[in-house]
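Mentor: Before we attach any descriptive label to this model, I would like each one to be set against its definition. Look the structure over, and then ask me why a given term has been used.

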Amino acid sequence: METKNVLVALDVGTTKVCTVIAAESAEGFQILGVGSHPSHGLKKGSVVNIDKTVQSIKASIDEAKVMAGIDDLHDATVGIAGNHIFCFNSSGVVPCKGKEITAADVDRVIEAAKAVLIPSDREVLHVIPQEFKVDNTSGIKDPVGMCGTRLEVYVHIVTGKTPLIQNLIKCVEQAGLRPNQIILQPIASSRSVLTSEEKELGVALIDIGGGTTDLAVWKDGALVHSQIIPLGGNHFTNDLAVALKIPHNEAERIKIQNGIVLPEQADPRVHVSVQGLTGTRAKEVPLTAVAEVLGARAEELFTVVKDIIADKNLATLITGGYVITGGGAMIRGLADLAEYTLEKPAKIGYPRPIGGIGNVMQDPKFSTVLGLLLDSTQQENSIQVRSHKSDSADESDFMGRIGSSFKNVFKDLF
Ligand SMILES: Nc1ncnc2c1ncn2[C@@H]1O[C@H](COP(=O)(O)OP(=O)(O)OP(=O)(O)O)[C@@H](O)[C@H]1O
Ligand SMILES: [Mg+2]
């Protein structure tokens, strides 16, 4: 009987909740089930209605369970965003007593870097080492085993508001899963979309979701900046609805079917048929008018990104340019407009193929959930099942492992 790790990734987005169930074995990943359900209950990436969010999560999980033919799931790796997220860089330094730097020294120096004043309503979600410095040698990725007397670390710290983190945890738990790992969404998207070469060279990932646009800037293989911008695809749709005086769902349809952000790339002869309020006659709108509305919003979004990059002095680090992902990246002309506004090369980022499910998941809207899945493999305590069913011995062993796993994962949170 083959033993497989069954992993669950859960992306609770503003427009959709996506669940991926995968089996990890010696041969690699196999995606067993996918569930994607419209999300109700979130605003700008944060939970605003517990019941509606729970229902959306449940529906997404159930869909994935049916496809996978698995009923007993326990843990999930969950993504988090929302404009309550605040990230900053910090550093720490410790003296090293022994001849060689040990893993314990590394833990100590990371603890020292964490010792910054964080407001009482915030929790630390991630402390991500950027580089270590041993005595006067900088740029070290792994200092264990090196000789030195002084160990320094530079870290990127991600924090979020405790009540909002707890709301997300509560929703996932009420939907029947344990969130054993919580990962910032743009970190997850970077994992599935960016290559190590790109992260080494220096790139900025822009994940345009429904409610937020998430930014992650990488240089020398390390995360140097991350930020959640409270502007997303929904704003593009709203603009179109207001400008064309049409209902939101009709604006969404036009955006997805005919959306374009560069008026000069839109054929001036093409007109789009739009339906106003029920009972009114459909009207023909030039495609260039659609492009002007969407283009103005896209330009505003990229200008916000540009201002952040300038404010944080990151422009010189982004040698490789911008990689745009998330469902909102699919509007025609977006990469060209980004290149023009941000004055660096830009491209649309697709998640790389994993799990043998073919092209279905090769969509920028699945970048986050696939990144969460890739990150969930780093968990020591994924669910162990035999042929997709736990026997009682496995069950008690599993419960034991959950205990320590849960404490470890949440020691930063609570
Ligand atoms: N083909 C398409 N063309 C244009 N826009 C699209 C397309 N497909 C999806 N979108 C837009 O992408 C957005 C949703 O993206 P995504 O699924 O990445 O968001 P989310 O993860 O639910 O939200 P968030 O990350 O903000 O919480 C919506 O605004 C939707 O209109
Ligand atoms: Mg998203």
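Mentor: Let us begin with handedness: a crossing of two helices is called right-handed if the near helix is turned clockwise from the far one by less than a right angle, and left-handed if it is turned anticlockwise. Please keep in mind throughout that this is a predicted model.

Trainee: In which sense, then, does helix 8 pass helix 9?

Mentor: Helix 8 passes helix 9 in a right-handed crossing, and by the definition the near helix is therefore turned clockwise from the far one.

Trainee: Why are helix 8 and helix 9 called oblique to each other?

Mentor: Helix 8 and helix 9, the latter spanning residues 334–342, pack at an angle of about 45°, with their axes 9 Å apart. Roughly parallel needs an angle under 35 degrees and roughly perpendicular one of 65 to 115, so a value that falls outside both ranges, and is not over 145 either, counts as oblique. Helix 8 and helix 9 are therefore oblique to each other.

Trainee: Which residues make the contact of helix 8 with helix 9?

Mentor: From helix 8 come Gly 295, Ala 298, Glu 299, Phe 302, Thr 303, Val 305 and Lys 306, and they meet Leu 334, Leu 337, Ala 338, Thr 341 and Leu 342 in helix 9. Sorted by class, this contact has seven nonpolar, three polar and two charged residues.

Trainee: What angle do helix 6 and helix 8 make where they pack, and how far apart are their axes?

Mentor: Helix 6 and helix 8, which covers residues 287–311, pack at about 140°, and their axes lie 9 Å apart. That makes helix 6 oblique to helix 8, because roughly antiparallel is kept for angles over 145 degrees. Helix 6, too, passes helix 8 in a right-handed crossing. In this contact His 235, Phe 236, Asp 239, Leu 240 and Ala 243 of helix 6 meet Val 290, Val 293, Leu 294 and Arg 297 of helix 8, and by class the residues divide into six nonpolar, one polar and two charged.

Trainee: How do you know that helix 6 supplies residues of the shell around ligand 1?

Mentor: A residue is counted if its C-beta atom, placed from the backbone, lies within 6 Å of the ligand. Helix 6 (233–244) and helix 7 (248–258) each supply at least two residues of that shell. In total 25 residues surround ligand 1, and the closest are Gly 13, Gly 209, Gly 233, Gly 327 and Met 330.

Trainee: What makes a glycine polar when the residues of this shell are divided into classes?

Mentor: That is a convention: Gly is counted among the polar residues. With this convention, the shell around ligand 1 divides into four nonpolar, 17 polar and four charged residues.

Trainee: Which strands are the edge strands of the open sheet 14-13-12-17-18?

Mentor: That sheet has five strands, and its pairing is mixed. Strand 14 (222–229) and strand 18 (346–348) are its edge strands, since each pairs on one side only. From one strand to the next the twist averages 20°. Helix 8 packs on this sheet as well, touching strand 12 (203–208), strand 13 and strand 14, and its direction makes about 40° with that of strand 13.

Trainee: How do you know that strand 13 and strand 14 pair?

Mentor: Pairing requires at least two bridges, and seven bridges join strand 13 (residues 213–219) to strand 14, the two running antiparallel. One of these partnerships sets Asp 214 against Ile 228 in strand 14.

Trainee: By that criterion, how many bridges do strand 8 and strand 9 have?

Mentor: Strand 8 and strand 9 (residues 137–140) pair in the antiparallel sense over two bridges; the minimum is two, so the criterion is just met. Phe 132 stands opposite Ile 140 in strand 9, and Val 134 stands opposite Thr 137. In the hairpin of these strands, which has two residues between them, Asp 135 takes a positive phi near 50°.

Trainee: Why is one side of strand 9 left without a neighbour in the sheet?

Mentor: The sheet is open, with four strands in the order 7-10-8-9 and antiparallel pairing. Strand 7 (86–95) and strand 9 stand at its edges with a single partner strand each, so one side of each has no neighbour in the sheet.

Technical notes. Residues numbered from 1 in each chain as written. Chains lettered and ligands numbered in written order. Predicted model: local features only at pLDDT ≥ 70, side-chain atom pairs only at ≥ 80, totals over all residues. Axes fitted to C-alpha atoms, helices over the stretch in contact; angles between N-to-C directions. Contact = placed C-beta atoms within 7 Å.
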